[in-house]
Amino acid sequence: MEVRTSAIDGVLVFVPTPHRDDRGLFTRTFDAAIGAEHGVDLGALAQDSQSRSRAGTIRGMHGRRGAGEAKLVRVAHGAVHDVLVDARRDSPTFGTVASFRLDDVDFHHLYVPAGLLHGFQAITDADVCYRIDRPHAPGEDLGVAHDDPDLAISWPVEVTAISERDRTAGSWKDLLASL
């Protein structure tokens with residue numbers, strides 16, 4: 001398994017090597033020893049979650065107050081345009097927006113450190129799996145609008161569905177004022 005860095009400090013892309021034959025494929029979705037070599041401790045992950053989204057759906061941009069949350073994100077079925085924003089004021093990449101394609105062909109995984117905003121758009125119908133280091137605490141949720149002009153996130157397909165919470169999320173400027 002290869003590990004790549006990204007434009008945002010601390011974000012890692014885990015690149016497995018699927019073995020394909022006439023039966024289909026087999027791939028290791030994570031290797032704890034390789035993760036540990038890069039500072040990722042899956043033993044600390046407390047919750048597994050999965051979302052299913054129709055093509056065009058946007059989920060995000062979400063984050064957590066306080067200690068934040070670290071997570072490992074992968075796509076079990078379909079393809080998504082995954083987006084991260086560094087909201088850590090002390091980070092050398094503060095304010096950086098980075099996007100990644102996650103799909104069920106290459107099986108890339110993203111390690112997202114605490115303090116980042118995360119969202120995605122389903123390019124196809126898609127199942128997204130998350131391993132998270134803390135139980136969900138709704139009172140710590142925060143969000144920024146997916147179409148915030150200061151972030152200028154480019155979404156690849158027409159938006160077909162978005163939750164009311166995400167549609168009415170605040171701005172990047174408002175979030176910065178509250179941190």
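Okay, so one definition before anything else: when I say buried, I mean a residue with under 20% relative accessible area. Keep that in mind for strand β8, residues 79–86, where eight of the eight residues are buried, so this strand is largely enclosed by the rest of the structure. And just so everyone knows, what you're looking at is a predicted model.

Let me stay on β8 for a bit. As a general point, side chains in a regular strand alternate between the two faces of the sheet. Which residues go which way here? Ala 79, His 81, Val 83 and Val 85 point to one side of β8, while Val 80, Asp 82, Leu 84 and Asp 86 point to the other, and all of them are buried. Yes, that list includes Asp 82 and Asp 86.

Now, who sits alongside β8? One partner is strand β9, residues 97–103, which pairs with β8 in the antiparallel sense over seven bridges. If you want a spot to click on, Val 83 stands opposite Ser 99 in β9. Another partner is strand β11, residues 116–122, again antiparallel, and joined to β8 by seven bridges. There, try Val 80, which has Ala 122 of β11 opposite.

Next stop, β12, residues 126–132. Six of its seven residues are buried, so β12 too is largely enclosed by the rest of the structure. Strand β5, residues 47–53, runs antiparallel to β12, with seven bridges joining them. Ser 53 has Ala 126 of β12 as its bridge partner. Then there's β7, residues 71–77, which is antiparallel to β12 as well and is joined to it by six bridges. In that pairing, Arg 74 stands opposite Cys 129 of β12.

While we're here, have a look at Gln 50, which is in strand β5. What does Gln 50 touch, once you skip residues up to four places away in sequence? Asp 127, Val 128, Cys 129 and Tyr 130. For a sense of distance, Gln 50 and Glu 69 are 19 residues apart in sequence, and their C-alpha atoms are 16 Å apart.

Okay, zooming out to the whole protein. We've got three helices and 13 strands. How does the radius of gyration fit a compact globule? For 179 residues you'd expect a value near 16 Å, and the protein has 16 Å, which agrees. The C-alpha atoms fill a box of roughly 50 × 35 × 30 Å along the principal axes. Buried residues come to 46% of the 179. If you take contacts with a separation of 6 or more, 80% of them are between residues 24 or more positions apart.

On the surface side, the accessible area is about 9,000 Å², and carbon and sulfur atoms account for 49% of that. For charges, there are 19 positive and 27 negative, and their mean positions are 2 Å apart.

Now for some backbone geometry. In general, most residues other than glycine have a negative phi, and most peptide bonds are trans. So here are some spots to check by eye. Gly 60 and Met 61 are joined by a cis peptide bond, with omega about 15°. Met 61 lies in strand β6, residues 58–64.

Then, positive phi. Phe 107 has a phi near 60°, and you'll find Phe 107 in the loop between β9 and β10. Buried or exposed? At 10% relative accessibility, Phe 107 counts as buried. Ala 152 also has a positive phi, near 50°. That residue is in the loop between β13 and α2, and at 60% relative accessibility Ala 152 counts as exposed.

Last one: Arg 28, in the loop between β4 and α1. Arg 28 has 49% relative accessibility, so it counts as partly exposed. Leaving aside neighbours within four places in sequence, Arg 28 is in contact with Met 1 and Pro 16. And where's Trp 155 relative to Arg 28? They're 127 residues apart along the chain, with their C-alpha atoms separated by 29 Å.

If you take one picture away, make it the two strands: β8 with β9 and β11 as antiparallel partners, and β12 with β5 and β7. Okay, that's me done, over to you.

Definitions and conventions: Residues numbered from 1 in each chain as written. Predicted model: local features only at pLDDT ≥ 70, side-chain atom pairs only at ≥ 80, totals over all residues. Heavy atoms only, no water. Helix = DSSP H or I, 4+ residues; strand = E, 2+ residues; numbered from the N terminus. Rg over C-alpha atoms; globule rule 2.2 N^0.38 Å. Buried < 20%, exposed > 50% of the residue type's maximum accessible area, 1.4 Å probe, protein only. Contact = heavy atoms within 4.5 Å. Areas by Shrake-Rupley, 256 points an atom, 1.4 Å probe, with all protein chains shown as cover. Lys, Arg positive; Asp, Glu negative; His and termini not counted. Charge placed at Lys NZ, Arg CZ, Asp CG, Glu CD. Pairing = 2+ DSSP bridges.
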